[in-house]
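Here's a structure to walk through, with an eye on helices and on how charged side chains pair up. Have the viewer open and follow along.

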Amino acid sequence: MSRTALRICPLCEATCGLTLTIDGSRVTGARGDREDVFSKGFICPKGASFGAVDGDPDRLRIPLVRRDGVLREATWEEAFDAVAAGIRPVVERYGPHAVGMVLGNPNVHTVAGALYPPVLLAALGTRSLFTASTLDQMPKHVSSGLLYGDANAIPVPDLDRTDHLLLIGANPLESNGSLCTAPDFPGKLKALKARGGTLTVVDPRRTRTAALADRHVAIRPGTDALLLAAMAHVLFEEGLTDLAHLVPHVQGVEELREAVRDFTPEAVSAACDVDAAVIRTLARDLAAAPTAAVYGRIGTCTVPHGTLASWLVDVLTVLTGNLDRPGGALFPQAATDRTPRPAGPGRGFALGRWHSRVSEHPEAKGELPISALAEEIDTVTEQGEPIRALIAIAANPVLSAPDGDRLDKALASLDFMVSVDPYLNETSRHAHVVLPPPPPAQSPHHDFAFNTLAVRNQVRYTRPAVPLEPGRMAETEILARLTLAATGMHGTDPAAVDEMVIGQTLAKAVKEPHSPVHGRDPRELAGQLSGETGPERRLDMMLRLGPYGDGFGVRPDGLSLEKLLAHPHGIDLGPLRPRLPQPLKTVSGKVELLPRPIADDLPRLRAALRECPAAGLVLVGRRHLRSNNSWMHNVPALTGGSNRCTLHIHPEDAERLGVSDGSPVRVKGAGGEVTAPAEVTDAVRPGVVSLPHGWGHDRPGTRLAHAATVPGVNVNQLLDGSMLDPLSGNAVLNGVPVELTATS
């Protein structure tokens with residue numbers, strides 16, 4: 001007999017509420033939860049396919065341990081014994097930095113991925129951290145850190161109230177949003193237009209989002225920062241700046257005026273291939289709107305000037321007075337945020353506290369560029385030991401990072417590798433131990449990361465919809481045991497990890513004068529925590545200490561886990577609201593509009609004014625609604641149709657090169673070449689070709705049966721990893737020169 005259960009969808013950043021239909025222990029259907037306080041019944045094809053994702057027969061069910069060169073099934077005890085035996089000798093002989101950690105995108109979609117990797121990283125003491133952030137979003141973290149003093153203080157567009165939305169390098173009708181958590185992004189854009197608002201999209205492709213826009217500007221790839229700088233120039237030149245309520249909170253306006261003086265619309269027009277009059281109109285319309293928001297994403301980050309472009313997005317928001325105001329861009333406040341501290345100067349944000357060993361890339365937000373992972377493994381220098389052991393959690397950098405062939409070989413040379421992954425994929429196939437987490441229906445869900453980026457403040461939590469199958473281990477326990485095994489505490493009760501974090505957090509909280517538990521006994525507070533598991537106790541603690549929490553009884557109407565469980569569809573905490581100056585942690589206590597690292601990088605942008613645009617073709621990526629990086633190509637319901645690995649090419653370029661629709665085309669870049677079928681379409685502008693990200697499922701030793709039937713090609717193999725945004729270390733994935741050859 002079937003039953004239903006609620007579940008928050010973990011398959012993209014929209015975090016929609018689902019109602020699952022369950023027969024026995026199998027998810028047989030999924031529909032939108034109409035009572036969900038945030039998504040209100042919206043669902044996309046990924047959410048509708050939750051059951052197929054959850055029940056994929058290729059998901060690993062028990063651990064694999066490499067014996068005599070072959071991965072074989074093993075018990076959990078044998079697997080963690082192997083982890084301890086593999087990692088500890090490396091640490092003891094070569095030091096902690098010889099152990100690398102790679103965190104993939106799915107980490108931010110799970111409770112376990114949010115709670116345990118930071119503990120593991122701190123306990124290991126390694127600086128060799130690489131994550132998916134340097135493939136898509138690190139420029140935004142760096143620009144926010146420099147502007148506001150906090151790399152995680154990212155203002156999001158107030159989609160429900162804005163009058164004017166400028167999207168640049170973003171395609172939320174396909175991606176469902178990124179660094180802007182918004183269920184039913186398409187509906188919100190349609191509602192904007194219905195209430196008389198304006199939608200402008202800047203993108204070299206005529207995406208589904210661009211097709212909805214009032215104005216589509218087909219910019220030359222990689223020139224976003226030039227366009228935005230020219231818009232800032234117009235605001236100053238024409239007296240259109242109006243900081244309004246921001247005046248007391250901002251410094252550096254006059255210095256910024258001088259910094260953008262050279263970026264006139266006429267000066268940048270040729271580089272951007274956008275008429276100067278259009279650039280002036282974009283700036284004037286932004287300034288004239290009653291409220292406005294600028295939102296830039298992957299296309300603005302994965303380019304040579306990614307941090308400058310991300311910074312300029314917020315510069316325009318500040319100069320028009322739209323930061324921290326309803327209808328503009330505001331700072332969300334999640335229920336599990338730390339207790340808000342009083343406004344005032346902070347420690348600020350620093351870059352380059354250490355550098356990578358081989359190419360000396362500066363760290364950003366504690367991370368090194370994932371483009372440098374291969375060389376950190378396979379290159380010997382006098383600057384310390386190479387990475388000899390690797391912990392990969394929900395990561396597939398062989399497909400997601402540049403030059404997968406080199407990384408593939410480097411991973412094969414490691415002394416030891418452990419991968420936490422439900423699949424034997426292109427990366428985990430190299431592991432000595434594979435630890436498979438259970439399917440999402442068997443795990444709890446709370447969006448620790450995405451609620452800090454949500455377009456409406458709310459809080460939701462769902463317990464596992466299906467009990468753990470016999471032989472499975474909860475992902476939270478897997479990561480707790482991994483932490484203990486990797487840090488010399490193998491065999492300790494995994495509950496000790498949660499109790500340690502709880503003890504440390506409460507001990508610190510009672511010493512903070514602004515905390516609701518200041519002066520109280522941390523042991524007594526720990527005794528008040530509720531929850532069936534250690535992770536639930538940690539969630540309860542975070543809720544109670546957070547901005548809406550009950551403060552352990554200080555505010556009886558405040559949040560706790562018990563209260564949240566009583567509201568299975570979530571609790572609405574209201575629209576985004578102005579919060580300045582509280583979020584600011586800069587040394588000055590103000591928005592520092594022209595930080596020194598930004599000012600020092602502007603000459604590189606000025607030099608771009610004098611560079612001749614590439615005469616040949618340049619490559620950009622693209623997103624598919626029914627995909628999320630390399631995650632979902634093994635699910636038949638989510639492949640085929642528009643979700644195919646084809647090369648988009650404009651008819652004019654196709655005719656010039658003798659390429660016909662459907663014919664194979666060889667694409668060559670600095671890192672290698674691939675051959676993909678052509679899809680001739682005017683959805684890309686002339687001079688631009690597009691391949692989607694996350695494909696290339698043709699390597700031996702994987703267990704991805706369906707993906708192997710439609711493998712596609714790895715677009716990142718066209719890159720050699722040498723092109724990075726220098727401030728953030730983000731890989732340059734868009735606007736990359738390529739050569740095309742028609743093949744028979």
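What follows is a short tour of a few helices, one buried aspartate and some salt bridges.

Keep in mind that this is a predicted model. A good place to begin is helix H16, which covers residues 306-319. Its 14 residues reach 20 Å from the first C-alpha to the last, close to the 20 Å expected at 1.5 Å a residue. How much of H16 is buried? It's mostly covered, with 14 of its 14 residues buried. After the helix comes glycine 321, and its phi is positive, near 75 degrees.

Now hop back along the chain to helix H13, residues 265-272. Here the buried residues are Pro265, Val268, Ser269, Ala271 and Cys272. If you want to see what sits over them, the cover includes helix H11 (224-237), helix H14 (276-288) and helix H25 (596-610). Just after H13 there's another positive phi to look at: aspartate 273 takes a value of about 60 degrees.

On to the charges. By the salt-bridge rule, a side-chain nitrogen of Lys or Arg has to lie within 4 Å of a carboxyl oxygen of Asp or Glu. The count comes to 42 salt bridges, and a few of them are worth picking out.

Take aspartate 150 and lysine 585, which form a salt bridge with their closest N and O atoms 3.5 Å apart. Aspartate 150 lies in the loop between helix H7 (138-148) and strand E8 (156-157), while lysine 585 is in the loop between strand E19 (571-575) and strand E20 (591-592), so this pair ties together parts that are 435 residues apart in sequence. Aspartate 150 counts as buried at 18% relative accessibility, and lysine 585 is partly exposed, with a relative accessible area of 32%.

Next, arginine 357 and glutamate 376 meet through their side chains in a salt bridge at 3.7 Å, N to O. Arginine 357 is in the loop between strand E14 (329-330) and helix H17 (373-378), and glutamate 376 is in helix H17, so the two are 19 residues apart. Are these partners buried or exposed? Arginine 357 counts as buried at 9% relative accessibility, and glutamate 376 counts as buried at 4%.

For a pair within one helix, look at arginine 656 and aspartate 653, whose side chains meet in a salt bridge at 2.9 Å, N to O. They're 3 residues apart in helix H26 (residues 651-657), which means about one helical turn separates them. Arginine 656 is exposed, with a relative accessible area of 55%, whereas aspartate 653 is buried, at 6%. Elsewhere, salt bridges with shared partners join Glu237, Glu238, Glu266, Arg280 and Arg284 into one network.

Finish with an aspartate that goes without. Aspartate 447 is found in the loop between strand E17 (433-435) and strand E18 (456-459). It's buried yet has no salt bridge. Why not? The nearest side chain of opposite charge, arginine 460, is 4.2 Å away, and the cut-off is 4 Å, so the pair doesn't count. What does the side chain of aspartate 447 make a polar contact with? Its partner is the side chain of histidine 445, at 2.9 Å. Leaving out residues up to four places away in sequence, aspartate 447 touches Ile8, Thr15 and Arg460.

Terms used:
Residues numbered from 1 in each chain as written. Predicted model: local features only at pLDDT ≥ 70, side-chain atom pairs only at ≥ 80, totals over all residues. Heavy atoms only, no water. Helix = DSSP H or I, 4+ residues; strand = E, 2+ residues; numbered from the N terminus. Expected span 1.5 Å × (residues − 1). Buried < 20%, exposed > 50% of the residue type's maximum accessible area, 1.4 Å probe, protein only. Lys, Arg positive; Asp, Glu negative; His and termini not counted. Polar contact = N/O pair within 3.5 Å; in protein donor to acceptor, adjacent residues only side chain to side chain. Contact = heavy atoms within 4.5 Å.
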